[in-house]
Amino acid sequence: MKKITRLVQAAQAFDTASGGVVVPVQPATTFLRGADNQPLNPANTYARDHNDTVRLVEQLITELEEGAASLLFPSGMAAIAALFRTLPTGARIVLQQGIYWGTTNWVRSFAQRRGMDLAEVDMTDPAAVVQALQGAALLWIETPSNPMLRVIDIAVVAQMAHQAGALLAVDNTAATPLLTNPLTLGADVVMNSATKAMNGHSDVLAGSLTFAQDNTLYQAVQSDRAEAGAIIGPFEAWLLLRGLRSFALRVERMCQNAQKIADALAAHPNVPAVFYPGLADHPGHDVAANQMQGGFGYLLSFLAGDTRAQSLQVIGDLQVFHRATSMGGVESLVEHRHTIEPYSNIPENLLRLSIGIEDVDDLIDDLTQALDRL
Ligand SMILES: Cc1ncc(COP(=O)(O)O)c(C=O)c1O
């Protein structure tokens, strides 16, 4: 079956009891044992370890990512933290420079507390990457990166990591598992903030890790999740399942809209630069064209005018885009990223867009009228 068909029909995987066309939520925290003291259903004993709805979503994400096993978490950051927590104290970690600020910020603080040797590396400099990987346990990358849309060649970087004996983990949130499957390109673990396009309705926090193999790393993270208790609630897992049913259609439309918007912005005289891998002059375009199947994603950034004040004027004049952080929902969002991460060298006139599924002409007209006023 094609992924879109699997997604659309995923919520129908079971409910033979009622005949309902949609699976029910399983809210039970604990599960009965029979008179013989054996669990009535051997798959379920306690909700910190087992939940049918969570399992169903994990199975679906494993198929989407073409991996061996997945684990669902109550947020993308909880998924990231769960993976890093399996690394030994003192381990060397290599982190791509200029990725999602929340990841950088947390990893910096975690590495310091755990006596880890953290190297933040410019992934466009292969010599620096090879140097940084010496003795490393893990390389963490994000492609396309948020908010600068830098594209990393996953297959090339996987080889570099493995030659150095390091694992490669990829944050696939901006690409989505519909456009890129890092595990098929050699990555060991892939993370998705399911809060974004996978759920797609800006109403659930969730995150996932998918592993290339059902190995000791997967088992370590699984035990840590059950024992430390970073479990997604069954209602959130069910909502995510509902969101996933329209995931493929939404991503297709978001990518089409984003491409047209990037083209329109690139042609506007008050836009000095557009960062979108679908543009032929983007430095990562060729790698993205090879690595991303079916579109270049829903995330793009651009410089609005030449100054902070001008970009704030543009964001203030937008009528259709909602001014809010996050991304991947059906509604288009705009954010002045420097307001959120003033410490990370983000250009002060950069606006980040998350493109939704609205009529693209409404979105282009909105951006054009705001930019025309500069
Ligand atoms: C690229 C990327 N990775 C990870 C995260 C963290 O995900 P969550 O907010 O679900 O914890 C975000 C959140 O914005 C993100 O943009």
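This section describes the domain contact and one helix pair in a predicted model.

The domain assignment divides the chain into two parts. Domain 1 covers residues 3–245, and domain 2 covers residues 247–372. The centres of the two domains, taken over C-alpha atoms, lie 26 Å apart. Both domains contribute to the contact, domain 1 with 28 residues and domain 2 with 33 residues.

On the domain 1 side, two helices give two or more residues each to the surface that touches domain 2. These are H1, residues 3–8, and H8, residues 234–245. Helix H1 gives the most, with three residues. The domain 1 side of the contact holds 16 nonpolar residues. Another eight are polar, and four are charged.

Helix H8 also packs against helix H2, which spans residues 52–65. Two packed helices are described by the angle between their axes and the distance between the axes. For H2 and H8, the angle is about 35° and the axes are 8 Å apart. The crossing of H2 past H8 is left-handed.

Helix H2 enters this contact through Thr53, Val54, Leu56, Val57 and Leu60. Their partners in H8 are Pro234, Ala237, Trp238, Leu240, Leu241 and Leu244. By class, the contact of H2 with H8 comprises 10 nonpolar residues and one polar residue. No charged residue takes part in the contact of H2 with H8, whereas the side of domain 1 that touches domain 2 includes four charged residues. Helix H8 thus appears in both settings: it packs with H2, and it gives two or more residues to the side of domain 1 that touches domain 2.

Methods. Residues are numbered from 1 along each chain as its sequence is written. This is a predicted model: local features need pLDDT of at least 70, side-chain atom pairs count only at pLDDT 80 or more; totals for chains, interfaces and linings use all residues. Domain bounds come from an automatic or database domain assignment. Two residues are in contact if their C-beta atoms, placed from the backbone, lie within 7 Å. Helices (H or I, at least four residues) and strands (E, at least two) are DSSP runs, numbered from the N terminus. Ala, Val, Leu, Ile, Met, Phe, Trp, Tyr, Cys and Pro count as nonpolar, Asp, Glu, Lys and Arg as charged, and the others, Gly among them, as polar. Axes are lines fitted to C-alpha atoms, for helices over the stretch in contact, and angles run from 0 to 180 degrees between N-to-C directions. A crossing is left-handed if the near helix is turned anticlockwise from the far one by less than a right angle, and right-handed if clockwise.
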